[in-house]
Amino acid sequence: MLRYANPKRFLDLSAALLPWLWLAAAGLTLPGLYQAIFLVPPDYQQGDTVRIMYVHVPSAWMASFIYGFMFVASVVGLVWKHPLADAAAKEAAPIGAMFTAVCLITGALWGKPMWGTYWIWDARLTSMLVLLFLYLGYLGVWAAIEDRAKAARAAAVLCVVGVVNIPIIRFSVEWWDTLHQGPSVVRFEGGKLAPSIDPSMLWPLLIVGLGCTLLFFALLFVRMRTEIRRRRIRALLAAQAGG
Amino acid sequence: MSAFLALVRRDLSLAFRVGGGPFLGLAFFLTVTALLPLGVGARLNLLGEAAAGFLWVSAALAALLSLDRLFQADAEDGSLEQLALGDLPLEAAVLAKCLAHWLTTGLPLALAAPVLALMLNMPAGGYGALVLSLLVGSPVFSLAGAIGAALTAGLRRGGLLLSLLVLPLFVPVVIFGAGTVTAAINGAEGDAAFLLLAASSLFALVLAPLAGAAALRIHLS
């Protein structure tokens, strides 16, 4: 993997990959969403609001997946001190924060007609909100520390601490939820994703999920290419100012 | 060990001479406790229900307020470099500073909590659990907070960022801490919450000095 970690090689490789990535991401996401919006039958209880799920659930998957990706990139950056890994973690974070926000907002829009409220302090909602805080804190560290190398390492330490904490937060929030929740509140059952779901509804979901994953990598590569060039410009300007 | 104790003693005397030490923390708790009935209304049953959770939240807030100075002053006047160069491992130095921080914020609150709980009409039966849970759980605020403080040490405006960084780390402690007290009030088995709280505390005791020292080294390099 480190063979591809050379920024020049990354630029060449990503330039070759990007058109295909965009094509595949659009080719999966758009038809998947078309199916979800026009072809999938309305749910017998939720009616047409079930279509929100096709944006909501893939966003939730991506929110967790991207944090995991940042963790791997952060560990690689900490251990091998490789600038490309730092750039990968840094550039993945805003995308992850976006997906988390989309997940929360679509969930709220779905919750209003279904639960009668935009927000309940359910375990899943709360842990998603905490995940958003983790993303924002990570972005905040990058923004606050001027020295890029130091910022990379501080953000990586924070990301690792966050990953250690996610299971604890998850567990504590679920424990708290069962302690406090009355029987009247509608629960966001995991059963929505269980195999009990009809294949006609499941397939578009998986297709959109895969499309979002490819979309993430396409966006990530574009952002990383920008970051590499930004660094180069900064180095050139510094050299110019120095010479 | 003597270096460790000397560092604790130094931070304690600094806290007493510059910041009023534990009394400033107590004044903070008293003011927020006075604000709660003013904000939500003086209905005693409402206050009583909220008391346990509120006292835990204010313990977290008090830690947030004081944490940004945990390493900041030392980073500014260069004593952090001296600490890093000394014989004492940086991990132990972080632990010593956490201990001093807890002695001046967490411990006073734990001891004063029954009085504040009384003012908030907390139901009898929760008082022992309140003191015990704060004694066991509030060190996490200092320990987990030290990670955030170390990450933001040397930043000019680290305070706000710090609260964003450590908030997720405080979530489980507040849940288990307030859960312990609520369980005791309801006469339920409070053991589970309390044991989980103690586990979080021990977990933080082991890991926070390591992560805090790693974060400090970034700024020292």
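Let me start with helix 4 of chain A, whose buried residues are Thr126(A), Ser127(A), Met128(A), Val130(A), Leu131(A), Phe133(A), Leu134(A), Tyr135(A), Gly137(A), Tyr138(A), Gly140(A) and Val141(A). By buried I mean that 20 or more other C-beta atoms lie within 10 Å of the residue's own, while 12 or fewer make a residue exposed and anything in between partly exposed, with C-beta atoms placed from the backbone. Helices here are DSSP runs of H or I with at least four residues, strands are runs of E with at least two, and both are numbered from the N terminus.

Before going on, I should say that this is a predicted model, in which local features need pLDDT of at least 70 and side-chain atom pairs count only at pLDDT 80 or more, whereas totals for chains, interfaces and linings use all residues. Residues are numbered from 1 along each chain as its sequence is written, and chains are lettered from A and ligands numbered from 1 in the order in which they are written.

Helix 4 of chain A covers residues 123-144, and for these 22 residues, at 1.5 Å a residue, the expected span is 32 Å, which agrees with the 31 Å between its end C-alpha atoms; the expectation is 1.5 Å times one less than the number of residues.

What does this helix pack against in chain B? Its partner is helix 10 of chain B, residues 158-185, and the two pack at about 150° with their axes 9 Å apart, where axes are lines fitted to C-alpha atoms over the stretch in contact and angles run from 0 to 180 degrees between N-to-C directions. Helix 4 of chain A is therefore roughly antiparallel to helix 10 of chain B, given that angles over 145 degrees count as roughly antiparallel, under 35 as roughly parallel, 65 to 115 as roughly perpendicular and the rest as oblique. From helix 4 of chain A the contact involves Val130(A), Phe133(A), Leu134(A), Leu136(A), Gly137(A), Gly140(A) and Ala144(A), and from helix 10 of chain B it involves Gly158(B), Leu161(B), Leu164(B), Leu165(B), Leu167(B), Pro168(B) and Val171(B); contact requires C-beta atoms, placed from the backbone, within 7 Å. By class, this helix pair brings together 11 nonpolar, 3 polar and no charged residues, with Ala, Val, Leu, Ile, Met, Phe, Trp, Tyr, Cys and Pro taken as nonpolar, Asp, Glu, Lys and Arg as charged, and the others, Gly among them, as polar.

Turning to the chains as a whole, their contact takes 23 residues from chain A and 20 residues from chain B. On the side of chain A, helix 4 and helix 5 (148-180) are the elements that give two or more residues, and helix 5 of chain A supplies the largest share, 14 residues. That side divides into 16 nonpolar, 5 polar and 2 charged residues.

Chain A itself has 6 helices and 0 strands, and 37% of its 243 residues count as buried.

In chain B, helix 6 (residues 90-104) is mostly covered, with 11 of its 15 residues buried, including Lys97(B), His101(B) and Trp102(B).

Finally, two loop residues deserve a mention. Lys81(A), in the loop between helix 2 (53-80) and helix 3 (83-115) of chain A, has a positive phi of about 50° although it is not a glycine, and Lys81(A) is exposed, with 12 other C-beta atoms within 10 Å. Asn121(B), between helix 7 (106-119) and helix 8 (127-137) of chain B, has a positive phi near 60° and is partly exposed, with 17 other C-beta atoms within 10 Å.

Note on methods:
Two residues are in contact if their C-beta atoms, placed from the backbone, lie within 7 Å.
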